[in-house]
Amino acid sequence: MKSSVLCYNLKGTKKGKQIAMIFGFLGYKVRHVEKEEYHVPIGVLAGADKMEGERPVFEGEGFSDEMLVMNAESEEMMDKALFLMRKEGVKVGLKAMLTPSNREWTSTALHDEIQKEHEYMKEMERNKKD
């Protein structure tokens, strides 16, 4: 399995280019996901699964948040990527790993779940400061 990273709403941006350099340097396949692909299962987009039947076309509004979905061949590969992102000051609020439980999810479903978790973590952090 080759490591890959799915990038959302980063295509053509400075941050998107930085992410492509970091992950490309580590041997990841970098893929910018287009809005029309938001209903294709994450596992298919990451190259880990095969698509059966016809690819559905997304016709909703989607989301504008930046998001990364990483499919690393090892924990070490994941750690290296996250380390280099921190070192280079590249921040993406919504990040996830491809897992057995989310590989069938659509991009929008994964985004919504990560967004909830992100908001929960921010709230917990605010409560610590009080």
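**A tour from the largest pocket to the aromatic pairs**

Start with helix H4, which contributes six residues to the lining of the largest pocket, the most of any element. The model is a predicted one.

**Stop 1: the pocket**

Select Gly93, Lys95, Ala96, Asn102, Trp105, Leu110, Glu113, Ile114, Glu117, His118 and Met121; these residues line the largest pocket. Two elements give two or more residues to this lining: strand E4 (94-97) and helix H4 (107-129). The space in the pocket comes to about 170 Å³. Colour the selection by class and the lining divides into five nonpolar, three polar and three charged residues.

**Stop 2: the helix**

Now show H4 on its own. Its 23 residues reach 33 Å from the first C-alpha to the last, close to the 33 Å expected at 1.5 Å a residue. An α-helix has 3.6 residues a turn, so residues three or four places apart point the same way.

Which residues of H4 are buried? Select Ser107, Thr108, Leu110, His111 and Ile114 to see them. Leu110 and Ile114 are on this buried list and also belong to the pocket lining.

To see what covers the buried residues of H4, add strand E1 (4-8), strand E2 (29-33), helix H2 (42-45), strand E3 (67-71) and E4, which are included in the cover.

**Stop 3: the aromatic pairs**

Hide the pocket and display the rings of the aromatic residues. The count of aromatic pairs is four. For one of them, select Tyr8 and Phe63: the ring centres are 5.7 Å apart and the planes are at 40 degrees, so this pair counts as tilted. How many residues separate the two along the chain? They are 55 residues apart, with Tyr8 in strand E1 and Phe63 in the loop between H2 and E3, and the pair thus links distant parts of the chain.

Next, check how far each ring residue is covered. Is Tyr8 buried or exposed? Tyr8 counts as buried because its relative accessibility is 0%, under the 20% cut-off. Phe63 has a relative accessible area of 11%, so Phe63 is buried as well.

Move on to Phe23 and Tyr28. Their rings form an edge-to-face pair, 4.8 Å centre to centre with 90 degrees between the planes. Both Phe23 and Tyr28 are buried.

**Last stop: the cluster**

Return to Tyr8 and Phe63 and add Tyr38 to the selection. Ring pairs join Tyr8, Tyr38 and Phe63 into a cluster.

Technical notes. Residues numbered from 1 in each chain as written. Predicted model: local features only at pLDDT ≥ 70, side-chain atom pairs only at ≥ 80, totals over all residues. Heavy atoms only, no water. 1 Å grid on protein atoms, 1.4 Å probe; cavity = no way out; pocket = protein on both sides within 12 Å on 5 of 7 lines; lining within 4 Å. Points joined across faces, edges and corners; volume = space filled by probe spheres on them. Helix = DSSP H or I, 4+ residues; strand = E, 2+ residues; numbered from the N terminus. Nonpolar A, V, L, I, M, F, W, Y, C, P; charged D, E, K, R; others polar. Expected span 1.5 Å × (residues − 1). Buried < 20%, exposed > 50% of the residue type's maximum accessible area, 1.4 Å probe, protein only. Contact = heavy atoms within 4.5 Å. Phe/Tyr/Trp six-rings, centres within 6.5 Å; stacked < 30°, edge-to-face > 60°.
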